[in-house]
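Got the sequence and the 3D view open? Let's take a walk through this protein together, from the overall layout down to single side chains.

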Amino acid sequence: MRYFNIFAVTFLIFLVCSVHSQESKGGRFYGAEFSSEKKVESFDAITKKLISNDTVQTRLSGKIKEVCQAKGCWMKVVLENDEEVFVRFKDYGFFVPTDSSDKNVVMNGVVFASEMSVEDQKHYAKDRGDSPAEIAKITTPKKQLRFEANGVLIQN
C-alpha cells in the first residue's frame with residue numbers, strides 16, 4: 001500500500017506540472033507554445049504578402065466565432081477587420097475545447113487562400129450540426145482564407 005501511495009503522489013505531481021506548463025498568464029496554449037511578444041500582423045499586411053506568395057508564416061489574433069462540435073478539430077475566427085479565417089491544426093496534432101466560442105485567440109502558423117470543395121463544406125456543416133436540408137443547399141466550391149495553426153493561445 002505504501003508503494004501505491006508514493007506512486008499516486010508522484011503521478012499527481014507529474015500531472016499538475018504538465019498541465020501548468022501549457023498555461024500562461026494570458027490564457028492556455030494548445031499545440032506548440034510560442035512567445036506572445038512577437039507582433040500580430042494586420043490583415044492588410046498579410047493580404048499584400050499573399051499576392052506574391054502562396055503561403056505566409058505569421059501570427060493572427062481574433063475572436064473565435066465557431067468550433068467543431070465533434071471534437072474541436074477546427075474553428076472559425078473573426079479577425080480585426082471582420083474578415084473570417086478557417087483554422088485547422090497542424091497534422092491534426094491537437095484540438096481546442098468545443099466550448100471556446102466567443103473567446104479571444106492568438107494563433108501561430110501559416111495563412112493561405114484556398115477553395116473549399118463541396119464535399120469538405122458538407123463535412124464541416126455536418127460537424128457544425130447543420131440540418132440535412134441546410135447541407136443539401138451546398139452545391140458550389142467556396143474561396144476562403146485558411147490558416148494552419150501549429151500553436152494556439154486561447155485567452156482568458
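Before we look at any helix, one term: a residue counts as buried when its relative accessible area is under 20%, as exposed when it is over 50%, and as partly exposed in between. Keep in mind that what you're looking at is a predicted model. The protein chain has four helices and seven strands, and 35% of its 156 residues count as buried.

**The overall layout**

- If you read along the sequence, the helices and strands of the protein chain come in the pattern α-β-β-α-β-β-β-β-α-α-β.
- Take the contacts in the protein chain between residues at least 6 apart in sequence: 69% of them join residues at least 24 apart.
- The protein chain has an accessible surface of about 9,800 Å², and carbon and sulfur atoms account for 55% of that.

**How the strands pair up**

- Start with strand β6, residues 104-116: nine bridges join it to strand β3, residues 55-67, and the two run antiparallel.
- One of the pairings to look for is Lys 63 with its bridge partner in β6, Asn 104.
- β6 is also joined to strand β7 (residues 142-155), this time by twelve bridges, and these two run antiparallel as well.
- Here you can look for Met 107, whose bridge partner in β7 is Val 152.

**A look at helix α3**

- Which residues of helix α3 (residues 118-128) are buried? They are Val 118, Gln 121, Tyr 124, Ala 125 and Asp 127.
- And what covers them? The cover for the buried residues of α3 includes β4 (74-78), β5 (84-89), β6, α4 (132-136) and β7.
- Right after α3 comes Gly 129, which has a positive phi, near 95°.

**The nonpolar cores**

- The largest nonpolar core is made of 24 residues, and the ones with the most contacts inside it are Met 75, Val 77, Val 87, Met 107 and Val 152.
- At least two residues of this core come from each of α2 (43-52), β3, β4, β5, β6 and β7.
- The top contributor to this core is β7, which gives five residues.
- Apart from this core there's another one, with six residues, among them Cys 68, Cys 73, Trp 74 and Met 116.
- Met 107 is worth clicking on: leaving aside neighbours within four places in sequence, its contacts include Thr 58, Arg 59, Leu 60, Met 75, Val 77 and Val 85. Val 87, Phe 147, Gly 151 and Val 152 are in contact with Met 107 too.

**Salt bridges**

- Side chains of opposite charge can pair when their charged atoms come close.
- How many salt bridges does a search of the whole structure find? It finds six.
- In one of them, Lys 65 pairs with Glu 84, with their closest N and O atoms 2.7 Å apart. Lys 65 is in strand β3 and Glu 84 is in strand β5, so this pair ties together parts that are 19 residues apart in sequence.
- Are these two partners buried or exposed? Lys 65 counts as partly exposed because its relative accessibility is 47%, and Glu 84 counts as partly exposed at 27%.
- Glu 148 and Lys 90 also meet in a salt bridge through their side chains, at 4.0 Å from N to O. Glu 148 lies in strand β7 and Lys 90 in the loop between β5 and β6, so the pair ties together parts that are 58 residues apart in sequence.
- Glu 148 is partly exposed, with a relative accessible area of 32%, and Lys 90 is partly exposed with 39%.
- The side chains of Asp 130 and Arg 128 form a salt bridge as well, at 2.8 Å from N to O. Asp 130 counts as partly exposed at 23% relative accessibility, and Arg 128 is partly exposed with a relative accessible area of 28%.
- Some salt bridges share partners, and in this way Lys 65, Lys 76 and Glu 84 are joined into one network.

**One more residue to find**

- Where does Lys 39 sit? You'll find Lys 39 in the loop between β2 (27-31) and α2.
- Lys 39 counts as exposed because its relative accessible area is 69%.
- Lys 39 and Leu 60 are 21 residues apart along the chain, and their C-alpha atoms are separated by 9.0 Å.

How values were computed. Residues numbered from 1 in each chain as written. Predicted model: local features only at pLDDT ≥ 70, side-chain atom pairs only at ≥ 80, totals over all residues. Heavy atoms only, no water. Pairing = 2+ DSSP bridges. Buried < 20%, exposed > 50% of the residue type's maximum accessible area, 1.4 Å probe, protein only. Contact = heavy atoms within 4.5 Å. Areas by Shrake-Rupley, 256 points an atom, 1.4 Å probe, with all protein chains shown as cover. Core = buried A, V, L, I, M, F, W, Y, C linked by side-chain atoms within 4.5 Å.
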